[in-house]
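Here is a walk through one protein model. Keep the sequence and the coordinates side by side as you read.

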Amino acid sequence: MQNNIQSITPILKYLQVILLTAAILYFGETLFIPLFFGLLIAIVMHPVCKWFEVHGWGRYLSITACLLIVTILFAALLALLVWQIKVFSDEAPVMFGKLEGVMQQMQLWMIENIGATADLKNNLGENIAGTVGGIVSSAFQATVNTLFILFLTPVYAALFMYHRKV
């Protein structure tokens, strides 16, 4: 009995460490995601920052220039995303019109082939409206999280680049 408990104890310790690590990563994702993005940016921009410093720029100025370069690249990507959203919004009414036609055909098929009633048809519309509300709520939460990450990432990148040893 004692030998059996002693053989299980190391396994339980490893399992405890794994679960604790998973909990820390799950609950700390708001901190760790921008931290690691900042580290990635600092690692990628390190040669550029060193090049600026070798050519007579101070550390503060070279870090600022590197962050400005990264900001310009992200702004260009954001402009591309906004442009694509505008193109999608121009074509959205046509797609939603087609989707409405398909929904009506699906409802007719359900009534004819499955024997669904008008109550099911109304419940389907209510379920879709509830789902849209959930999607909007999730989109708002994702937007706030993204803005928070976009705010903290350059801060962490600047701190990593400033406190480097080499």
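How do the residues that line the largest pocket divide into nonpolar, polar and charged? The model is a predicted one. In it, the lining holds 13 nonpolar residues, two polar and no charged. The pocket itself has a volume of about 460 Å³. Its lining counts 15 residues, and those closest to the centre are Val70, Phe74, Ala75, Leu150 and Thr153. The elements that each give two or more residues to this lining are α2 (29-54), α3 and α4. The largest share, eight residues, comes from α3.

Now step back to the whole chain. The protein has four helices and zero strands. Read from the N terminus, the order is α-α-α-α. Of its 166 residues, 16% are buried. Take the contacts between residues at least 6 apart in sequence: 68% of them join residues at least 24 apart.

Start the tour of the helices with α2. The helix has 26 residues, and at 1.5 Å a residue it should span 38 Å. Its end C-alpha atoms lie 36 Å apart, which agrees. Even so, α2 has a kink of about 50 degrees at methionine 45. Proline 47 follows shortly after that point. Met45 is also among the buried residues of α2. The others in that set are Pro34, Gly38, Ile41, Ala42, Cys49, Phe52 and Glu53. Many helix patterns can be read with one rule: an α-helix has 3.6 residues a turn, so residues three or four places apart point the same way. Just after α2 comes glycine 56, with a positive phi of about 95 degrees.

Next is α3, which covers residues 59-114. How far apart are the end C-alpha atoms of this 56-residue helix? They are only 72 Å apart, whereas a straight helix would reach 82 Å at 1.5 Å a residue. A kink also lies in α3, at glutamate 91. The bend there is about 45 degrees, shortly before proline 93. The buried residues of α3 include Ser62, Ile63, Ala65, Cys66, Leu67 and Val70. Ala92, Gln107 and Met110 are buried in α3 as well. Val70 appears again at the pocket, as one of the lining residues closest to its centre.

That leaves α4, residues 118-162, which holds threonine 153. Is threonine 153 buried or exposed? Its relative accessibility is 7%, so it counts as buried. Leaving aside residues up to four places away in sequence, threonine 153 touches Pro34, Phe37, Gly38 and Ile41. Of these, Pro34, Gly38 and Ile41 are on the list of buried residues in α2. Thr153 is also one of the residues closest to the centre of the largest pocket.

Alanine 42, in helix α2, gives a second view of these contacts. Its relative accessible area is 9%, so alanine 42 is buried. Its contacts are Ala157, Phe160 and Met161, again not counting residues up to four places away in sequence. The C-alpha atoms of alanine 42 and tyrosine 162 are 9.4 Å apart, with their positions 120 residues apart along the chain.

Finish with asparagine 145, also placed in helix α4. Its relative accessible area is 40%, so asparagine 145 is partly exposed. Asparagine 145 and threonine 30 are 115 residues apart along the chain, yet their C-alpha atoms are separated by 7.8 Å.

How values were computed: Residues numbered from 1 in each chain as written. Predicted model: local features only at pLDDT ≥ 70, side-chain atom pairs only at ≥ 80, totals over all residues. Heavy atoms only, no water. Expected span 1.5 Å × (residues − 1). Bend = angle between axes of the 7 residues up to and from the residue. Buried < 20%, exposed > 50% of the residue type's maximum accessible area, 1.4 Å probe, protein only. Contact = heavy atoms within 4.5 Å. 1 Å grid on protein atoms, 1.4 Å probe; cavity = no way out; pocket = protein on both sides within 12 Å on 5 of 7 lines; lining within 4 Å. Points joined across faces, edges and corners; volume = space filled by probe spheres on them. Nonpolar A, V, L, I, M, F, W, Y, C, P; charged D, E, K, R; others polar.
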